[in-house]
Amino acid sequence: MCSTFSLGAKPCIGGLCNGKILCRKTEIRATRAGITIAPRETISKVFPGLSKQGIPHSDLKVGEIVDKQSQANYLAVEDACRRKPEFHPMFLEEAYERCRKLCAEYAKTFYLAGTLLMTEERQKAIWAIYVWCRRTDELVDGPNADYMSSTVLDRWEERLQDIFDGHPYDMLDAALADTVFNFPLDIKPFRDMIEGMRMDTRKCRYENFQELYRYCYYVAGTVGLMSVPVMGIAPESPVSAQNVYNSALNLGVGNQLTNILRDVGEDALRGRVYLPQDELAQFGLCDNDVFSRKVTDRWREFMKEQITRARFFFNQAEEGASQLHKASRWPVWSSLLIYREILDAIEENDYDNLTKRAYVGRTKKIMMLPLAYTRAQS
């Protein structure tokens, strides 16, 4: 265990060690053989709930994204300054088909529940967005990650601008170039995701949840912001567009927190720890406990709180899921419920995410679809 929160023998007074932690009380019993010390009771430390306060969305300039993606007139002015790329129909069809195949291969849950239930036009757009996000992520975590540099990301960002200007580099870029002209997509969430990749090249530790939240926004919350214009907001929705976008961002953050909890062991093998350092210390843990891959009672208590926080963000996302266009609610609810099941799987593994990878089987995913449909209709 870590020296930051040692449970070694220390003087106890009234169940408190150094005025900080509750420990075992004892009583002295006299026997014929002498004096023995017998345990009376064990009092567990009650850990406070972890912070759920992230970075204010105003600091992330989410409001600007909402305004641009919600105002058709604003985007119409922008579109007048750029020409929609003209592709041969068969070329474009092949481009989207390649995106579909990549999505089906690498994002099975997302493909099953998040896209197949959509209308065809929305399916294609989401496939194109997914593939761009995946290619961006692979710059840092893919087979060529050893050659990663700030220059590579700078060039990728220039290439992104070319896509939005209607000058795609390859067939997969062409699918996204077509998508950004079919839907009111702002470039900022895409740029922010590239910034998340820059963070991955500079940081492998996060001091507190605020730092981790910023990272989660960049690499996953942005996906929610990209998706809302494709999903559409119900015309009869009584809530503001800002609230719907906040929910979409929260869903992305919840997904990324879940990814982090699912992949703790795998990330540790790469020398990465995405768990907040101050929260590890709060539970008497540190990086060495992660690298040792041993599940202890402290680790279980720590994981319980981490899972509670991830569920909080999923709960915050539910309101927005119910305010989307009726054609998009079922797939979004399906994705939300199925992804949240990963947290249940970690619990079923007795919080062992150090040596086991939690997953949701295909049968269980399919069984979740009727429940998601009910939620979408209510």
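Select Phe-164 to begin: with a relative accessible area of 4%, Phe-164 is buried, where buried means under 20% relative accessible area, exposed over 50%, and partly exposed in between, for a 1.4 Å probe and protein chains only. The model in the viewer is predicted, so local features need pLDDT of at least 70 and side-chain atom pairs count only at pLDDT 80 or more, while totals for chains, interfaces and linings use all residues. Residues are numbered from 1 along each chain as its sequence is written, and side-chain values use heavy atoms, with hydrogens and water left out.

Staying with Phe-164, its place is in helix 6, residues 150–164; helices (H or I, at least four residues) and strands (E, at least two) are DSSP runs, numbered from the N terminus. Add Lys-84 to the selection, and the C-alpha atoms of Phe-164 and Lys-84 are 9.5 Å apart in space, although 80 residues separate the two in sequence.

**Helix 9 and its ends**

Next, select residues 209–231, which form helix 9, and look for the kink of about 50° centred on Tyr-217; the bend at a residue is the angle between axes fitted to the seven residues ending there and the seven starting there. Because 19 of its 23 residues are buried, helix 9 is largely enclosed by the rest of the structure. At the N-terminal end, Asn-208 acts as a cap, with a side-chain oxygen 3.2 Å from the backbone nitrogen of Gln-210. At the other side of the selection, helix 9 is followed by Gly-232, whose phi is positive, near 85°.

**Two cysteines**

Show Cys-204 and Cys-216 together: Cys-204 counts as partly exposed at 34% relative accessibility, whereas Cys-216, at 0%, counts as buried. The structure holds zero disulfides, a disulfide being a pair of cysteine sulfur atoms within 2.5 Å.

**The cavities**

Turn now to the enclosed space, where the count comes to two cavities of 30 Å³ or more. On a 1 Å grid over the protein atoms alone, a cavity is a set of points where a 1.4 Å probe fits but cannot get out, and lining residues have an atom within 4 Å of a point. Grid points are joined across faces, edges and corners, and a volume is the space filled by probe spheres set on the points.

For the largest cavity, which has about 50 Å³ of space, select Leu-212, Leu-257, Ile-260, Leu-261, Leu-275, Gln-306, Arg-309 and Ala-310 as the lining. Helix 10 (241–262) and helix 14 (297–321) are the elements that give two or more residues to this lining. By class, the lining of the largest cavity divides into six nonpolar residues, one polar and one charged; here Ala, Val, Leu, Ile, Met, Phe, Trp, Tyr, Cys and Pro count as nonpolar, Asp, Glu, Lys and Arg as charged, and the others, Gly among them, as polar.

The second largest cavity has a volume of about 40 Å³, and selecting Ile-260, Val-264, Asp-267, Arg-272, Val-273, Tyr-274, Leu-275 and Val-290 shows the residues that line it. In this second lining there are six nonpolar, no polar and two charged residues.

**Positive phi in two loops**

Select Lys-61, in the loop between strand 5 (34–41) and helix 1 (62–70); Lys-61 has a positive phi of about 60° although it is not a glycine, and at 45% relative accessibility it counts as partly exposed. Then move to Tyr-351, in the loop between helix 15 (326–348) and helix 16 (362–377), where phi is again positive, about 65°, in a residue that is not a glycine. Tyr-351 counts as buried, at 12% relative accessibility.

**Around helix 16, then helix 5**

Thr-355 is found in the loop between helix 15 and helix 16, and is partly exposed with a relative accessible area of 46%. The side chains of Thr-355 and Asp-352 are joined by a polar contact of 2.5 Å; a polar contact is a pair of N or O atoms within 3.5 Å, where within protein one must be able to donate a hydrogen and the other to accept it, and residues adjacent in sequence count only if both atoms are side-chain atoms. Thr-355 also lies 8.2 Å from Lys-294, C-alpha to C-alpha, with the two 61 residues apart in sequence.

In helix 16 itself, select Ile-366, whose C-alpha is 9.3 Å from that of Ser-334, 32 residues away in sequence. Finish at Asp-137 in helix 5 (residues 120–141), where the C-alpha atoms of Asp-137 and Ile-194, 57 residues apart along the chain, are separated by 8.4 Å.

Technical notes:
1 Å grid on protein atoms, 1.4 Å probe; cavity = no way out; pocket = protein on both sides within 12 Å on 5 of 7 lines; lining within 4 Å.
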